[in-house]
Amino acid sequence: TVFVPRGSAPPGGWPIVSVGHGTTGVTDECAPSLYPNLLGAIGMVTPFLERGAVVTVSDYQGLGSPGPHPYLDAPSAGYDVVDAVRAARNVVPGTGTRWAAIGVSQGGQATWAANEMAADYGDGLELVGTANLSPAADLRAIAPPEGLGDLTLPQRGILPFVVEGFLVSHPQYRDSDFLSGGLLAGKDVLLACTGPLAAEKLTAVAAIGPDDVRPSSPEAYAAMRDWLGQNAFPMTGATAPMMVLVGGRDNLVEPEWTEQASRAACAEGDRLDFRFRPEQGHADAAATTEAVEWVTERFLGAPSANTCDLLS
C-alpha cells in the first residue's frame, strides 16, 4: 500500500518512509492492505504524510499472497521493508532515493533487519535511519535453556504465532509438538485477526493453562530455540542509525530482552539511540509520536544521538 502527500514533489524527490506493521496474524485475511485502517498501522502512516513523505506499507510475504507467512523470519521481513520502498518508487513519480523506516513489534524486527541489510540489498537507495519500537529483536527468552518457565499471558497467547512461523521452515514438526490443552484447542481462534473467530479470543486466552506451552520433546524444544537464535539481532552491522524504544511495562517483548540485543548491537559498532520509557507498555502509541520526530530529524540531516555508552 502506497500513500502520496498532497502537492508537488520537493527538489530531490519525495522522501520515503517504509512502515513495518506489528503482528496482525499469519493467514491471508490478516493482510493490512485489505483494511482501511491497515489493521492499526495507519497510525504510523498519517504523521509522515502530513510531513510530506511518501509512505509505503508491506503486508509481508505470505499475507494475502501465495504461500505461508514466515512469521518472525527476520530476513524475509527485512526484504519486504526494502522492497516496499522500491515498489513505491516504481509507482509514484517524483520519489527520491532517501528513505527511512518505522516499525513496531514484529515490524520493529522487520525494520531492524532492513537496516542491517540495506548496505547490500538497498543498492541505489539512501537509508537515513530506522525507528524500531518494542522490536522482536531477540525472542530466545520465550524458550530459555532451563525450560519455558512462567510466561506471561500475552507471551503464551503469542506462542501459536511463533510456532506457525517456526513450522514454515521446519515442516517435520507439528503444532502439537509445542502446544497442548487450551492453546492447541484454541489455536485457530488465537491466530484469527478478524471475523467471528477473533471475537472469541478473550475466551480462548482465558482457557490457556500454565502447562499448555510445554514442548513434547527435547529435540523439538532445541530446534525452536535454535531458530529463534538464528533470527535474533545483531546479525550483521547496521547500515544507518537506529532508534530502539522499549516500554518498562511491556509484558510481551520484555525490555530486558531488547536491551540485551541493543547492547550486543552496540558492541558491533552500531549507532543506536536506545530509549527506555518506564510507563509505556508494548507498542505504546506515545512511542510512535516520539519515533516520528526522530525519523523527521534524520531527513533534516540532524545527527542521531548514540547512547551506546549508557548500555555498556
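Which residues is V162 in contact with, leaving aside its neighbours within four places in sequence? Select V162 in this predicted model and display its surroundings: the contacts are Y71, L72, M224, W227 and L228.

**Stop 1: the largest nonpolar core**

Extend the selection from V162 to the core around it. The largest nonpolar core holds 34 residues, and V162 is one of those that touch the most other members, together with L139, I158, L159, F166, F178 and M224. Colour helix 4 (153-169), helix 6 (187-191) and helix 9 (218-230) next, as these are the elements that give two or more residues to this core. Helix 4 supplies the largest share, 7 residues. A second core, separate from this one, comprises 24 residues and includes A53, A131, M243 and A291. In general terms, nonpolar side chains tend to be buried together in soluble globular proteins.

**Stop 2: L228 in helix 9**

Return to the contacts of V162 and select L228, which is placed in helix 9. Is L228 buried or exposed? Its relative accessibility is 5%, and buried means under 20%, so L228 counts as buried. Not counting residues up to four places away in sequence, L228 touches L139, R140, A143 and V162. For a distance across the model, pick the C-alpha atoms of L228 and V81: they are separated by 20 Å, while the two residues stand 147 residues apart along the chain.

**Stop 3: the second largest cavity**

Keep L228 selected and add L72, Q109, A136, L139, N231 and A232; with L228, these residues line the second largest cavity. The space in this cavity is about 40 Å³. Its lining divides into 5 nonpolar residues, 2 polar residues and no charged ones. In the model as a whole, the count is 3 cavities of 30 Å³ or more.

**Stop 4: the disulfides**

Now display the cysteine side chains. How many disulfides does the structure hold? There are 2 disulfides, and with bonded cysteines counted along the chain they follow the pattern 1-2, 3-4.

Begin with the disulfide that joins C30 to C193, where the S to S distance is 2.3 Å. The torsion about this S-S bond is about -110°, so the disulfide is left-handed. C30 lies in the loop between strand 2 (14-20) and helix 1 (46-50), and C193 lies in the loop between helix 6 and helix 7 (195-198), so the pair ties together parts that are 163 residues apart in sequence. Both cysteines, C30 and C193, are buried.

Proceed to the disulfide between C266 and C308, with an S to S distance of 2.0 Å. The link of C266 and C308 is left-handed, with -80° about the S-S bond. C266 belongs to helix 10 (residues 255-267) and C308 to helix 12 (residues 308-311), so this pair links distant parts of the chain, 42 residues apart. C266 and C308 are each buried.

**Stop 5: T258 in helix 10**

Remain on helix 10 and select T258, which is found there. T258 has a relative accessible area of 1% and is buried. What is T258 in contact with, leaving aside its neighbours within four places in sequence? Display P135, A137, V244, V246, V253 and F274 to see these contacts of T258.

Technical notes:
Residues numbered from 1 in each chain as written. Predicted model: local features only at pLDDT ≥ 70, side-chain atom pairs only at ≥ 80, totals over all residues. Heavy atoms only, no water. 1 Å grid on protein atoms, 1.4 Å probe; cavity = no way out; pocket = protein on both sides within 12 Å on 5 of 7 lines; lining within 4 Å. Points joined across faces, edges and corners; volume = space filled by probe spheres on them. Nonpolar A, V, L, I, M, F, W, Y, C, P; charged D, E, K, R; others polar. Core = buried A, V, L, I, M, F, W, Y, C linked by side-chain atoms within 4.5 Å. Buried < 20%, exposed > 50% of the residue type's maximum accessible area, 1.4 Å probe, protein only. Helix = DSSP H or I, 4+ residues; strand = E, 2+ residues; numbered from the N terminus. Contact = heavy atoms within 4.5 Å. Disulfide = S-S within 2.5 Å.
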